[in-house]
Amino acid sequence: MINKDLSIDFLGVHFENPFCLSSSPVGNCYEMCAKAFDEGWGGIVFKTIGPEDFEIDEVSPRFDELTKEGTPFVAFKNMEQIAEHPLKQNLADLKKLKENYPDKVVIASIMGPTEEDWEELARLVTEAGADMIEMNLSCPQMTSHAMGSDVGSNPPLVEKYCKAVKRGSDLPMMAKMTPNITDMVPAAKAAMAGGADGIATINTVKSIANVDLEKKTALPIVNGKSSISGLSGKAVKPIALRFIQQLRVASGLEQLPISGIGGIETWEDAVEFILMGSTTLQVTTSVMQYGYRIVEDMKNGLMHYMEEQGVEHLSELVGLANKNIVPAEDLDRNYKMYPEIDWDKCIGCGRCFISCYDGAHQAISWDEKTRRPSIDTSKCVGCHLCALVCPVHAIHPGKIVMKEGREGDPSKIDVVSQRLN
Amino acid sequence: MTKKYETEAPGYTMTTVMEEAARCLLCHDAPCSAACPAHTDPAKFIRSVRFRNVKGAAETIRENNALGAICARVCPTEKYCELACSRSGIDVPIDIGGIQRYVTDFEQAADMHILHKGDSNGMHIAIIGSGPAGLQSATTLLEKGYSVDIYEKNAKAGGYLTYGIPEYRLPSNIVDYEIKRITDMGANIHFNTVIGQDITMDQLKADNDAVIVAIGASEAKILPIFENNDAVETAVSFLARTKEAKGNIELPKDALVIGGGDVAMDVVTTLKNLGVEHVTDAAYEQFDEFRASKKELAGAEREGVTIIDGYIPESVDGHTVTLKHRHINSKMTIEADAIILAIGQETNAKNLGIRLEHGEAPSAGYKTRDPKVFITGDIAQGDKTVVYAVQKGKEVADEIDSILGGNRHD
């Protein structure tokens, strides 16, 4: 079995691998985090610790899932707040974790309603032995609006609380950002101005995943009512990658250290976050669905990817995609590429015909007798919707032609994706 | 031991049916729908399931097929819709029968009433026989506004559905429910009534605007060498009495079944389900030409039935049958406590005034020499499956309506 060094340094802390539990129900006590370490996670962000006097009073039930066809957990909605154990116990757990797992990274997530609380919590978790602090400025389902995503979308508050944490601790600190905002850059800049060393993102997306058609409220139903709360899982991955890209290319935030979060469940997801500029990765939803063991395939798959890419150190991969994602106005619009049908693979279902007619440019015709499509290049615009809907992946990139009056060498144009399907 | 006989395999749940529906490619101009003799339109009802519209799926099935829940269970889908399924180009066809069963079970659980009697047109149709063809033609005629009387020689309706197909494959409550839908629409069934004996054909014709003969092939064939042998029973008799007794029958120590169709498979699997340890089936056909559906054959094999293919019975001495291979020089002798013949059925059309050749009308279509008398079901030309009976039932009703449609009495 392949074995490669997956270690990476982030904010001056050495991680044996980039995979961390994110601050959530999956890292709620010593036993859970210890099991995660035993199964191979490089770090844990312990479930957010709040001030002594902030009472956590959770609802039941508290989760919901978005499904599609037979697929569960396309997205996951949760209403849980921060750690419900007493402050003293949380601190004791942090201490014990660091004592028993000195080579693993223990990150304390904290959250408070006032500057004094932030400063005090930072001091306490530092004393407990945490390696790093994450400021939770982004939980969308807190019962106090002085905490959570309402704070994280307010840059002056973000800066003020970051400064408070830095007063309470000299540990490396990342500020966890909310995606419930049009532009994350001002909040991230405020965090950095307040002394943050890096950014963790995204937290969950405010959501209503499903509505009960009889009770006329959202799910989960909490004694007849429901609330907007955070969505996570695979469906939010595109939103997370977009925010991370925008942070990495924002003027003044170049080379911003990021811990990437949002729907990671395979090694491919992990690589995507790394290529987009994440140094470490945080995972919850797929652990809730499948357990800590998922880290095995994420680590192994990542090793194989590094081998294929000829990469010796993971840090070489961080942010490699950033420069290749450009504003829409900068894309090459001089050519079009026609799809090409692989007749050995085509099974004659006609899905390309339907989608091209109903969703594109009526460029595919259908032979009823032979049950085979054919492409009319005079109508085809090269959108490749047909390739996406083909259930047997029989439609490939075909001939590339320059648009009329445009210059260019079609043989030098690169559109081919290597992704397995 | 009757529990196994009486228990149908579990069907899909909403989750598992969605997994199966998600495998469907949702083809354009779907080949499965074109391949259903009864036009049950699987492409449309699977798409409805895929988009979580199970009630819409039930409407699609029911409006096309009065016996949708029965066909879901007994249709040899491998020969029709599933044979045409595009998914076979990837791996295995969609389990269309299974999805149809989920939808029709949902329809029953939700107590949906999809079919309704049309406004009365004042005309009366008599149907002889309450098997699948008779039931479907009754339904289509009721929808068109005809009043319908069905004459059934037995004490229960359904024909082979009720008296033939074993409980584990087609539970009686499913058949009863399908029939109740049709009687709720207004079909009037006269039980224990033999036309040509209790009521004359002339009387029926005089009382009705048209008569449909849908008598099927309900009488078992017997090879001469097996006549007058106490060890021998016909499959028709065995299956009927087993179903009637819910499996509580006296069991033979072992059994030899002659025949290679679905009826033979029903008999051997029933015997095994009831606990007969050694069951042997001797089939005229070799495996590469087997008549029974793959599903039924696999079921028999799973139960441990010994199947001898390509052999025909040559002679019988009491419980001992000598079989001879059709092509190679091979003979074998099998002694069995019970010998059950599943070698086909024939039609008894006595006193009905219709002409049949080898149990079938001499020409295609549903008309007879008598303009008032029509035929349908197994005695009409074409396949002898339930799904074809449904199709023939619809077609004979449409034909009658096209002839009588102008003669409204109101």
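**Reading chain B and its interface with chain A**

Modeller: In this predicted model, chain B has an accessible surface of about 17,700 Å², and carbon and sulfur atoms hold 48% of that area.

Colleague: How many helices and strands does chain B have, and how compact is chain B for its length?

Modeller: Chain B contains 16 helices and 15 strands. Its radius of gyration is 22 Å, close to the 22 Å that the globule rule gives for 410 residues, so chain B is as compact as a globular protein of that length. Along the principal axes, its C-alpha atoms fill a box of roughly 65 × 55 × 40 Å. Of the 410 residues, 55% count as buried.

Colleague: How should one read the size of an interface, and what area is buried between chain A and chain B?

Modeller: Interface size is often expressed as the accessible area lost when the parts come together. Here, about 1,100 Å² is buried between chain A and chain B, with 59% of it from carbon and sulfur atoms. On the chain A side, Glu69(A), Ile347(A) and Arg371(A) lose the most area to chain B, together 43% of what that side buries. In terms of contacts, 15 residues of chain A meet 14 residues of chain B.

Colleague: How many salt bridges are counted between the two chains, and which residue forms one with Glu69(A)?

Modeller: The count is 2 salt bridges. In one of them, Arg50(B) pairs with Glu69(A), and the closest N and O atoms are 2.2 Å apart.

Colleague: Why does Leu213(A) count as exposed?

Modeller: Leu213(A) counts as exposed because its relative accessibility is 69%, and exposed means over 50%. Leu213(A) lies in the loop between strands E12 (211-212) and E13 (217-218) of chain A. Together with Ile208(A), Val211(A) and Ile228(A), Leu213(A) forms a nonpolar surface patch with about 420 Å² of accessible area.

How values were computed. Residues numbered from 1 in each chain as written. Chains lettered and ligands numbered in written order. Predicted model: local features only at pLDDT ≥ 70, side-chain atom pairs only at ≥ 80, totals over all residues. Heavy atoms only, no water. Patch = residues over 30% accessible without salt bridge, like charges linked within 9 Å, V, L, I, M, F, W, Y side chains within 5 Å. Areas by Shrake-Rupley, 256 points an atom, 1.4 Å probe, with all protein chains shown as cover. Salt bridge = Lys/Arg side-chain N within 4 Å of Asp/Glu carboxyl O. Helix = DSSP H or I, 4+ residues; strand = E, 2+ residues; numbered from the N terminus. Buried < 20%, exposed > 50% of the residue type's maximum accessible area, 1.4 Å probe, protein only. Rg over C-alpha atoms; globule rule 2.2 N^0.38 Å. Contact = heavy atoms within 4.5 Å. Buried area = accessible area lost by both parts, 1.4 Å probe.
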